[in-house]
Amino acid sequence: MSYMVGFGPNFTRRIHHRGSSLLSLANHPQSIHCDGGFEPFFHSSNPNPNILVGAIVEGPNQNDGFPDDRSDYSHSEPATYINAAMVGPLAYFAGGKSD
């Protein structure tokens, strides 16, 4: 299981992220009000329609399990404090530096 969205064949597909769990404007041009995002989108068991490639979720629980459930925000949320730590090292490697 990959906890980085879009990485590998078996990555998390139901992250706790509003923009990822709602349909895109191309598929749903009507306005979705704040409360309208919960039903039928947020509480759906379907994979998120928008893949937030590169987001890292919080990961497994204390028993090393990961239910891949967007309502379980403590494990499936791509929080800033998790993703921020990866930006510097990945930018370094992407830049091809050999220092």
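Tyr73 is found in helix H3, and this residue makes a convenient point of entry into what is a predicted model. Although Tyr73 and Val57 are 16 residues apart in sequence, their C-alpha atoms lie 9.1 Å apart in space. Once neighbours within four places in sequence are set aside, Tyr73 is in contact with His16 and Glu58.

From this residue one can step back to the chain as a whole. The chain contains four helices and zero strands, and, read along the sequence, it follows the pattern α-α-α-α. Of its 99 residues, 27% count as buried, and the chain exposes about 6600 Å², of which carbon and sulfur atoms supply 58%. Among the contacts with a separation of 6 or more, 60% are accounted for by residues 24 or more positions apart.

The nonpolar interior is the next stop. In soluble globular proteins, nonpolar side chains tend to be buried together. Here the largest nonpolar core has six residues in all, namely Val5, Phe11, Ile15, Ala55, Val57 and Phe66. Val57, one member of that core, is in contact with Tyr3, Thr12, Ile15, Phe66, His75, Ser76, Glu77, Pro78 and Ile82, leaving aside its neighbours within four places in sequence. Two of these partners, Ile15 and Phe66, are named in both the core and the contact list of Val57.

The beginning of the chain offers a further example of residues that are distant in sequence. Ser2 has its place in the segment before H1, and at 14% relative accessibility it counts as buried, because the cut-off for that class is under 20%. The C-alpha atoms of Ser2 and Gly59 are separated by 8.8 Å, while the two residues are 57 residues apart along the chain. Apart from its neighbours within four places in sequence, Ser2 is in contact with Phe7, Asn10, Phe11 and Thr12, and of these Phe11 belongs to the largest nonpolar core.

The loop between helix H2 (38–42) and helix H3 (73–76) holds several residues that repay attention, and Asp64 is one of them. Asp64 has a positive phi of about 65° although it is not a glycine, and it is exposed, with a relative accessible area of 62%. Asp68, which also lies in the loop between H2 and H3, has a positive phi of about 50° and likewise is not a glycine. Asp68, however, is buried, with a relative accessible area of 12%, whereas Asp64 is exposed.

Asp68 also takes part in a charged pair. Side chains of opposite charge can pair when their charged atoms come close. A search of the whole structure finds one salt bridge, and in it the side chains of Arg14 and Asp68 meet at 3.1 Å, N to O. Arg14 lies in the segment before helix H1 (18–21) and Asp68 in the loop between H2 and H3, so the pair ties together parts that are 54 residues apart in sequence. The two partners fall into separate accessibility classes: Arg14 is partly exposed, with a relative accessible area of 23%, while Asp68 is buried at 12%.

Arg70 has its place in the loop between H2 and H3 as well, and it is buried, with a relative accessible area of 3%. Not counting residues up to four places away in sequence, Arg70 touches Arg14, Ile15, His16, Ser21, Phe41, Phe42, Ser44, Ser45, Asn46, Pro47, Asn48 and Ser76. That list includes Arg14, the salt-bridge partner of Asp68, and Ile15, a member of the largest nonpolar core. Arg70 and His43 are 27 residues apart in sequence, and the distance between them in space is 7.9 Å, C-alpha to C-alpha.

The walk ends at helix H4, which covers residues 80–94. At 1.5 Å a residue, the 15 residues of this helix should span 21 Å, and its end C-alpha atoms are 20 Å apart, which agrees with that expectation. Within H4, a kink of about 30° lies at Val87, shortly before the proline Pro89. Just after H4, Gly96 takes a positive phi of about 75°.

Conventions:
Residues numbered from 1 in each chain as written. Predicted model: local features only at pLDDT ≥ 70, side-chain atom pairs only at ≥ 80, totals over all residues. Heavy atoms only, no water. Helix = DSSP H or I, 4+ residues; strand = E, 2+ residues; numbered from the N terminus. Expected span 1.5 Å × (residues − 1). Bend = angle between axes of the 7 residues up to and from the residue. Core = buried A, V, L, I, M, F, W, Y, C linked by side-chain atoms within 4.5 Å. Buried < 20%, exposed > 50% of the residue type's maximum accessible area, 1.4 Å probe, protein only. Contact = heavy atoms within 4.5 Å. Salt bridge = Lys/Arg side-chain N within 4 Å of Asp/Glu carboxyl O. Areas by Shrake-Rupley, 256 points an atom, 1.4 Å probe, with all protein chains shown as cover.
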